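Let's work through a few exercises together, one small step at a time. Keep the sequence and the 3D view open as you read.

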Amino acid sequence: MLAKRPKDTKADTGENKPKKPADHNRKRSNTLSALKRKNLKLADQMHSYLTHATLTEQQAMHMQRLRKYVRRCANLTLYRDDKGPTGMKLINSMFCGSKLCFVCNQNRQKSTRRKYWKWFEENQTIAEIENPETGSSKFVTRSQATGKKYSAWEFVQNYEYDIMHLTLTVPHIATHGFNGNPYFFDEIAAMFWLMRKSPVWNSLVFGGEYGIETTKSDNGPHIHIHTLLLVKREKQNRNKLHKFVLQAWNKASVNQYAKREIITDDMARSIMKGNRTIDMEFAKKLNPKGSTMINLETIYTVDRKDGSKVRSTEFNSKEMLMAVMEAISYHFEPQAFDKKEGEFDFELMAEIMPKIYRKALYKKFGCLHGEAALNVSHVGVEDTESEYAEVASMIDQDTGEVLSDPDFYICNPAFVFHLPEKDYKPQINIEGKKRMIHVKDAFTTREAIKQMVDIMKSELKRKQ
């Protein structure tokens with residue numbers, strides 16, 4: 001069953017177009033409220049599906065858990081009221097962490113964008129370092145090269161790199177999947193790991209990250225890999241890497257149940273179009289039962305006017321970052337979601353959720369392995385600095401007098417509305433005022449957040 005993804009409400013164009021939110025916090029609060037209401041609509045759609053679908057006990061359990069997660073996500077959201085003309089300010093929420101959740105995906109996307117922007121600014125080259133005792137060398141990032149772990153290693157040189165996006169698929173059929181397994185998550189991850197052990201790969205690729213995505217196809221679950229690569233900058237580096245990966249992946253992805261028996265001349269010519277260094281002889285030697293097409297491209301954005309590809313040439317530019325975010329969109333896109341149609345496939349979701357439960361579908365490798373600054377859950381020093389700034393703004397630095405005594409409220413953002421005619425100033429409706437919790441004895445945001453966490457823990461204990 002396909003369920004339509006709730007659509008965003010777009011503002012009218014022209015003279016009557018509503019004004020944009022007056023400040024970043026109001027815009028963020030407005031977005032959270034809209035996404036929370038989309039979560040509630042999605043939960044209702046899931047409930048409707050579950051009332052008539054025939055599911056196994058395990059499938060029903062996973063679907064019910066997902067429904068519960070998206071429904072309760074951000075129910076505990078902290079707002080601060082400084083009792084001034086600006087009104088309430090959104091502080092933070094308790095998130096569910098589900099990849100199906102609109103709120104969490106948005107939060108993950110924003111967090112990832114900030115982290116990558118900062119990371120690429122500080123890592124415009126990759127360092128080669130050498131162990132003076134063994135003579136072995138490796139490629140590491142700036143933070144790793146200057147950290148304690150490799151303090152005894154010697155610097156060799158810096159390398160520039162290009163950013164590329166690689167997509168890998170395998171032949172699969174409805175009756176047997178991939179070599180008899182319709183849910184080949186572990187197999188495709190192991191194949192990719194083995195290919196990365198090749199000396200050829202390691203001579204071209206410094207590192208990267210990958211995610212395993214699942215969509216629906218006529219041949220059963222379409223399980224494939226998207227990976228962002230940092231490729232050593234040299235002449236024809238894309239064609240060299242493409243040729244190696246095509247050959248290695250073709251060999252690794254042989255499906256004994258595949259029906260194709262030969263590589264025809266037409267197929268060979270089609271393969272050759274993807275790389276000018278590939279000739280007919282090379283293409284014809286590929287195994288017809290393995291994958292014969294891979295997609296490797298230097299990152300780009302798409303021109304909205306004509307649909308053409310726009311290469312990003314300026315390092316750490318807005319265009320480059322947008323291209324990176326497009327390449328790693330698997331960070332914050334739910335499984336079993338059809339991006340083209342904008343629909344959730346609940347049947348596919350119920351089918352694969354038990355299979356991917358607690359599986360690692362995203363990993364970093366090479367020079368990015370262990371790069372904590374790129375973890376979605378990584379917390380930086382800006383949180384501590386903002387806490388100091390908040391306290392400082394409440395105290396007169398000359399007299400020590402408290403300038404403001406803020407009120408903190410915990411409220412479900414579904415009950416918070418932002419009217420364009422009032423510059424999107426947050427307002428809690430009647431139902432929200434009945435349910436909101438006044439956080440008492442909290443002077444700073446940190447104290448208020450601690451109380452919100454305590455409330456969440458109490459709720460969890462009560463439901464056990």
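Two strands pair if DSSP finds at least two bridges between them. Helices (H or I, at least four residues) and strands (E, at least two) are DSSP runs, numbered from the N terminus. This is a predicted model, in which local features need pLDDT of at least 70 and side-chain atom pairs count only at pLDDT 80 or more, while totals for chains, interfaces and linings use all residues. Residues are numbered from 1 along each chain as its sequence is written, and side-chain values use heavy atoms, with hydrogens and water left out.

**Exercise 1. Find the partners of strand E2 and place E2 in its sheet.**

Step 1. Start with strand E3 (residues 88–93): five bridges join E3 to E2, and the two run antiparallel. Within this pairing, Tyr 79 has Leu 90 as its bridge partner, and Arg 80 has Lys 89.

Step 2. Now look at strand E16 (residues 407–410), which pairs with E2 in the antiparallel sense over four bridges. Here Asp 81 stands opposite Asp 407.

Step 3. Put the strands in order: E3-E2-E16-E19 is an open sheet of four strands with antiparallel pairing. At the edges lie E3 and strand E19 (437–439), each pairing on one side only. From one strand to the next, the twist averages 30 degrees.

Step 4. Check the turn. Six residues lie between the strands in the hairpin of E2 and E3, and Lys 83 there takes a positive phi near 60 degrees.

**Exercise 2. Is strand E2 enclosed or open to the outside?**

Step 1. Buried means under 20% relative accessible area, exposed over 50%, and partly exposed in between (1.4 Å probe, protein chains only).

Step 2. Recall that in a regular strand the side chains alternate between the two faces of the sheet.

Step 3. Take each face in turn: Thr 77, Tyr 79 and Asp 81 are buried on one side, and Leu 78 and Arg 80 are buried on the other.

Step 4. Five of the five residues of E2 (residues 77–81) are buried, so this strand is largely enclosed by the rest of the structure.

**Exercise 3. Describe how helices H1 and H11 pack.**

Step 1. Two packed helices are described by the angle between their axes and the distance between the axes. Axes are lines fitted to C-alpha atoms, for helices over the stretch in contact, and angles run from 0 to 180 degrees between N-to-C directions.

Step 2. For H1 (residues 24–52) and H11 (residues 346–356), the angle is about 80 degrees and the axes are 11 Å apart.

Step 3. Angles under 35 degrees count as roughly parallel, over 145 as roughly antiparallel, 65 to 115 as roughly perpendicular and the rest as oblique. H1 and H11 are therefore roughly perpendicular to each other.

Step 4. List the contact (heavy atoms within 4.5 Å): H1 gives Leu 42, Gln 45, Met 46 and Tyr 49, while H11 gives Phe 346, Glu 347, Met 349 and Ala 350.

**Exercise 4. Which residues does Met 94 touch?**

Step 1. Locate Met 94 in the loop between E3 and helix H3 (102–122).

Step 2. Met 94 is buried, with a relative accessible area of 19%.

Step 3. Leaving aside neighbours within four places in sequence, Met 94 is in contact with Cys 73, Ala 74, Leu 76, Met 452, Val 453 and Met 456.

Step 4. Ala 74 is 20 residues from Met 94 along the chain, with their C-alpha atoms 5.1 Å apart. Ala 74 comes just after helix H2 and takes a positive phi of about 65 degrees.
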